[in-house]
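Me: I'm new to reading protein structures. Could you walk me through this one, feature by feature?

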Amino acid sequence: MVDCLFCKIARKEIPAAVTYEDETVIIFKDIQPKAPVHLLVVPKEHIESIGHLKGDHREIVSKIIFAAKEEAAKNNLKGYKLVFNVGRAGGQLIDHLHLHLLGGWTEGVAQSLNV
Ligand code: 5GP
Ligand code: ZN
């Protein structure tokens, strides 16, 4: 079994504010939110990062993105940002693939964060 924080959250060994879960994906609130709504969309399978994807992960990645879209709608977000940090140099601190779902700002604030 992988000794990994997000695997432990997925296995309910560490508590988190879970907002959605199915057999493939779990979504929970980021413990240090960087936006009014900041959720982490996480595959239950341990995949280190986008840089570690293999061909048979296509369906999982697709499910993550669809789950994020549905969670955004559930939160009545009119607009939002989806971010994958990849590797330390890309700002990734937890080595378990996760998609940041960020939203809930007023328009001007969101634009000031644009890349
Ligand atoms: P990364 O920098 O790897 O892309 O993002 C990791 C995210 O996980 C950070 O935004 C951080 O606040 C969040 N995080 C770190 N530890 C925990 C935790 O124990 N619980 C939850 N819910 N989020 C965490
Ligand atoms: Zn993991």
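**The zinc site**

Reply: Happy to! This is a predicted model. Let's begin with the metal: the zinc ion (ligand 2) has as its protein donors Cys4 (SG), Cys7 (SG), His46 (ND1) and His96 (ND1), which lie 2.0 to 2.3 Å from it.

Me: What is the geometry of the site of the zinc ion (ligand 2)?

Reply: Look at the angles among the donor atoms. For the four donors here they run from 105 to 117°, and the site is tetrahedral.

Me: How are the donor residues of the zinc ion (ligand 2) spaced in sequence?

Reply: The pattern is C-x2-C-x38-H-x49-H. Cys4 and His96 link distant parts of the chain, being 92 residues apart. Cys4 sits in the segment before helix H1 (5-10), while His96 belongs to the loop between strand S4 (80-83) and strand S5 (99-103).

Me: Is Cys4 buried or exposed?

Reply: A residue counts as buried if its relative accessible area is under 20%. Cys4 has 8%, so Cys4 is buried. His96 is buried too, with a value of 0%.

**The sheet**

Me: How do strands of a sheet pair?

Reply: They do it through backbone hydrogen bonds, and the pairing may be parallel or antiparallel. In this model, five strands make an open sheet with antiparallel pairing, in the order S1-S2-S3-S5-S4.

Me: Which strands stand at the edges?

Reply: Those are strand S1 (18-21) and S4. Each has a single partner strand, so one side of each has no neighbour in the sheet. From one strand to the next, the twist averages 20°.

Me: How many bridges are there between S1 and S2?

Reply: S1 and S2 pair over three bridges, in the antiparallel sense. One pair to find is Tyr20 with its bridge partner Ile27 in S2. A hairpin of three residues joins S1 to S2.

Me: And what about S4 and S5?

Reply: S4 and S5 are also antiparallel, with four bridges. Here you can look for Tyr80, which stands opposite Gly103 in S5.

**A loop residue**

Me: Where is Asp30 found?

Reply: Asp30 is in the loop between strand S2 (25-29) and strand S3 (37-43). With a relative accessible area of 11%, Asp30 is buried.

Me: What does the side chain of Asp30 reach?

Reply: The Asp30 side chain reaches the backbone nitrogen of Gln32, at 2.8 Å. Leaving aside residues up to four places away in sequence, Asp30 touches His38, Leu39, Leu40 and His100.

Technical notes: Residues are numbered from 1 along each chain as its sequence is written. Chains are lettered from A and ligands numbered from 1 in the order in which they are written. This is a predicted model: local features need pLDDT of at least 70, side-chain atom pairs count only at pLDDT 80 or more; totals for chains, interfaces and linings use all residues. Side-chain values use heavy atoms; hydrogens and water are left out. Donors are N, O and S atoms within 2.8 Å of the metal (3.2 Å for Na, K and Ca); water is not among the atoms, so sites may look incomplete. Four donors count as tetrahedral if all angles lie between 85 and 135 degrees; four count as square planar and six as octahedral if opposite donors are over 155 degrees apart and all others between 65 and 115; anything else is irregular. Helices (H or I, at least four residues) and strands (E, at least two) are DSSP runs, numbered from the N terminus. Buried means under 20% relative accessible area, exposed over 50%, partly exposed in between (1.4 Å probe, protein chains only). A polar contact is a pair of N or O atoms within 3.5 Å; within protein, one must be able to donate a hydrogen and the other to accept it, and residues adjacent in sequence count only if both atoms are side-chain atoms. Contact means heavy atoms within 4.5 Å. Two strands pair if DSSP finds at least two bridges between them. Axes are lines fitted to C-alpha atoms, for helices over the stretch in contact, and angles run from 0 to 180 degrees between N-to-C directions.
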